[in-house]
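The following exercises are to be worked with the sequence and the structure at hand. Each task is followed by a solution that proceeds step by step.

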Amino acid sequence: MKAHQLHIYNTISRKVEPFSTIHQGHVGMYVCGPTVYNYAHLGNARTFISFDIVFRYLKHLGYKVRYVRNITDAGHLESDADEGEDKIGKKARLEQLEPMEIVQRYTLDFHEVMNAFNTLPPSIEPTATGHIIEQIEMTKQILNNGYAYEVNGTVYFDVEKYAKTYPYTILTGRNLDDLLSGTRDLGGQDEKRGRLDFALWIKAKPEHIMKWPSPWGEGFPGWHLECSAMSRKYLGEEFDIHGGGMDLAPTHHTNEIAQNTACSHHATPVKFWMHTNMLTVNGQKMSKSLGNSFLPHELFSGTHRLLDKGYSPMTVRFFMLQAHYRSTLDFSNEALQAAEKGYLRLMNALALIDELPTHENGTADFTAISDNIYEALDDDFNTPVALAHLFEAVRLINSIYAKHETISSVQKENLSKVTKSIVFDVLGLMPEKESGADKLDGLMQMILEVRSEAKAKKDFSTSDLIRDKLKSLGFEIKDGKEGTSYHII
Ligand SMILES: [Zn+2]
């Protein structure tokens with residue numbers, strides 16, 4: 001096997017760069033997690049699946065990785081301009097629940113979706129509400145360093161002052177003057193001094209539920225601050241990789257860099273910035289307002305009007321890997337159906353490997369394919385190219401199985417080791433077993449058949465007994481014209 005040199009596209013340099021770490025053998029990686037005020041959406045799922053591949057491949061290469069992915073459970077307002085309601089507070093008000101009930105419900109949903117996609121849990125999953133003290137401390141430090149000011153209980157970051165010393169737009173490379181002219185004028189009532197200033201700490205209105213005491217009165221942290229405070233706490237003042245969706249780069253990540261730098265004076269708190277691209281549906285941007293955005297559950301069950309049928313989580317994961325994480329990914333029924341076939345072909349071939357006969361003078365050579373797979377992954381985690389090479393391995397396996405080619409035991413061992421570790425450990429695909437739900441349904445159908453036979457024989461005591469026993473177990477059955485159905489009470 002050739003030596004590895006992993007290359008990663010770095011948003012900050014706009015170049016593919018050779019990857020190296022700050023501390024030899026260790027990688028610190030932070031990825032912005034979900035705001036848990038609603039069901040996990042597919043765009044988020046794609047981002048976290050992409051970083052799951054990054055996490056898995058770095059571990060495969062032998063790095064010790066500390067992967068931090070936060071849960072935003074407070075402070076994320078509806079608008080990036082420090083306006084609107086707290087997203088979680090608003091949902092809590094609408095549903096008449098405690099904000100923490102909203103957080104619990106959607107955190108569980110998020111974890112369920114992540115499990116279904118077979119993503120590994122991060123090393124640490126910190127929450128914003130669990131790090132209020134760190135956020136207050138960071139705000140104090142930025143104030144002490146002169147890059148923030150307080151107005152009436154709210155603390156703002158002074159972007160223009162910061163930009164005199166540090167390149168505020170370093171991440172996106174945008175021109176600061178263009179940015180300023182593109183921002184609306186401050187109204188006379190505005191507390192902010194500069195148009196690009198953003199809140200580190202926000203004074204809570206009396207009706208605001210999620211608030212904490214601070215040196216500036218009762219309030220809550222700004223959304224950008226939590227990621228700075230938590231990444232710094234768990235990964236240090238400088239760390240290796242920071243990731244998220246590309247929509248986060250212009251504001252959220254730009255402000256994160258400014259906050260970290262204003263605290264520590266490190267102009268580059270993060271070495272590699274990685275951003276994932278968006279999803280499209282039949283060529284159109286996926287968005288709620290266009291009615292073309294479906295939830296992972298809808299994709300699995302096929303219950304969205306744009307879907308012909310449901311697709312299993314592994315089919316969807318395979319489908320996502322067919323596009324590079326920096327390219328847009330287009331959902332269509334045809335593409336998903338093709339992915340389903342491709343995924344099954346790959347799994348079937350892997351299941352055949354152990355059965356392949358070996359020959360002393362085997363003709364098949366897997367070495368070049370193996371090198372190509374690694375070369376693709378080393379090239380900024382290029383999963384579509386790696387999959388294309390894996391399908392060369394599939395052709396080889398099928399050809400040996402059909403006895404058109406032969407393989408030596410050394411080559412077979414290599415073929416087995418590399419394909420299985422890449423597919424299962426790195427790409428995170430796994431064979432799909434019959435799910436528990438399918439088995440339960442099969443069992444219920446059998447019980448209902450026994451019951452209808454009893455009824456046909458006029459053995460009503462048995463049929464009633466089955467009905468009552470099922471009811472006590474939580475299954476309600478209904479006799480109708482088209483047979484008997486059941487539902488879980
Ligand atoms: Zn973040």
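**Exercise 1. Strand 3 and its partners**

Which residue of strand 4 does Met29 stand opposite? Place this position within the pairing of the strands.

Solution. The model under study is a predicted one.

Step 1. Met29 stands opposite Tyr67 in strand 4.

Step 2. This position belongs to the pairing of strand 3 with strand 4 (residues 64-69), which runs in the parallel sense over 6 bridges.

Step 3. Strand 3 also pairs with strand 11 (residues 239-245), again in the parallel sense, over 3 bridges. There Val31 is found opposite Gly243.

Step 4. The connection to strand 4 involves helix 1 (residues 42-60): strand 3, this helix and strand 4 form a right-handed β-α-β unit.

Step 5. Of the 6 residues of strand 3 (residues 26-31), 5 are buried, so the strand is largely enclosed by the rest of the structure.

**Exercise 2. The nonpolar cores**

Determine which element gives the largest share of the largest nonpolar core, and describe the surroundings of Leu42.

Solution.

Step 1. The largest nonpolar core has 87 residues, and Leu42, Ile241, Leu299, Phe331, Ile422 and Leu429 touch the most other members.

Step 2. Helix 1 supplies the largest share of this core, with 10 residues.

Step 3. Leaving aside residues up to four places away in sequence, Leu42 touches Phe117, Leu279, Met286, Phe294, Pro296, Leu299, Met320 and Phe331.

Step 4. Another core, of 40 residues, lies apart from the largest one; its members include Ile12, Ile132, Ala258 and Ala262.

**Exercise 3. The zinc site**

Identify the donors of the zinc ion and locate Cys227 and His252 along the chain.

Solution.

Step 1. The zinc ion is coordinated by the SG atoms of Cys32 and Cys227 and by NE2 of His252, at 2.0 to 2.1 Å.

Step 2. Along the chain the donors follow the spacing C-x194-C-x24-H.

Step 3. Cys227 belongs to helix 7 (residues 223-235) and His252 to helix 8 (residues 249-264); the two are 25 residues apart, and the pair links distant parts of the chain.

Step 4. Buried requires a relative accessible area under 20%. Cys227 has 1% relative accessibility and therefore counts as buried. His252, with a relative accessible area of 1%, is likewise buried.

**Exercise 4. Aromatic pairs**

Classify the ring pairs Tyr39 with Tyr106 and Tyr57 with Phe381, and state whether each residue is buried or partly exposed.

Solution.

Step 1. A search of the whole structure yields 19 aromatic pairs.

Step 2. For Tyr39 and Tyr106, the ring centres are 5.1 Å apart and the planes stand at 90°, so the pair is edge-to-face. Tyr39 lies in the loop between strand 3 and helix 1, whereas Tyr106 lies in helix 3 (residues 99-116), so the pair ties together parts that are 67 residues apart in sequence.

Step 3. With a relative accessible area of 38%, Tyr39 is partly exposed. Tyr106, at 2% relative accessibility, counts as buried.

Step 4. For Tyr57 and Phe381, the ring centres are 6.1 Å apart and the planes stand at 85°, so this pair is also edge-to-face. Tyr57 is in helix 1 and Phe381 in the loop between helix 12 (367-378) and helix 13 (383-401), 324 residues apart.

Step 5. Tyr57 counts as buried at 0% relative accessibility, and Phe381 counts as buried at 2%.

Step 6. Ring pairs also link Tyr147, Phe157, Tyr162, Tyr166, Tyr168 and Phe198 into a cluster.

How values were computed:
Residues are numbered from 1 along each chain as its sequence is written. This is a predicted model: local features need pLDDT of at least 70, side-chain atom pairs count only at pLDDT 80 or more; totals for chains, interfaces and linings use all residues. Side-chain values use heavy atoms; hydrogens and water are left out. Buried means under 20% relative accessible area, exposed over 50%, partly exposed in between (1.4 Å probe, protein chains only). Helices (H or I, at least four residues) and strands (E, at least two) are DSSP runs, numbered from the N terminus. Two strands pair if DSSP finds at least two bridges between them. A crossover is right-handed if, with the strands pointing away from the viewer, the path from the first strand over the helix to the second runs clockwise. A nonpolar core is a set of buried Ala, Val, Leu, Ile, Met, Phe, Trp, Tyr and Cys residues joined through side-chain atoms within 4.5 Å. Contact means heavy atoms within 4.5 Å. Donors are N, O and S atoms within 2.8 Å of the metal (3.2 Å for Na, K and Ca); water is not among the atoms, so sites may look incomplete. Rings of Phe, Tyr and Trp (its six-membered ring) pair if their centres lie within 6.5 Å; planes under 30 degrees apart count as stacked, over 60 as edge-to-face and the rest as tilted.
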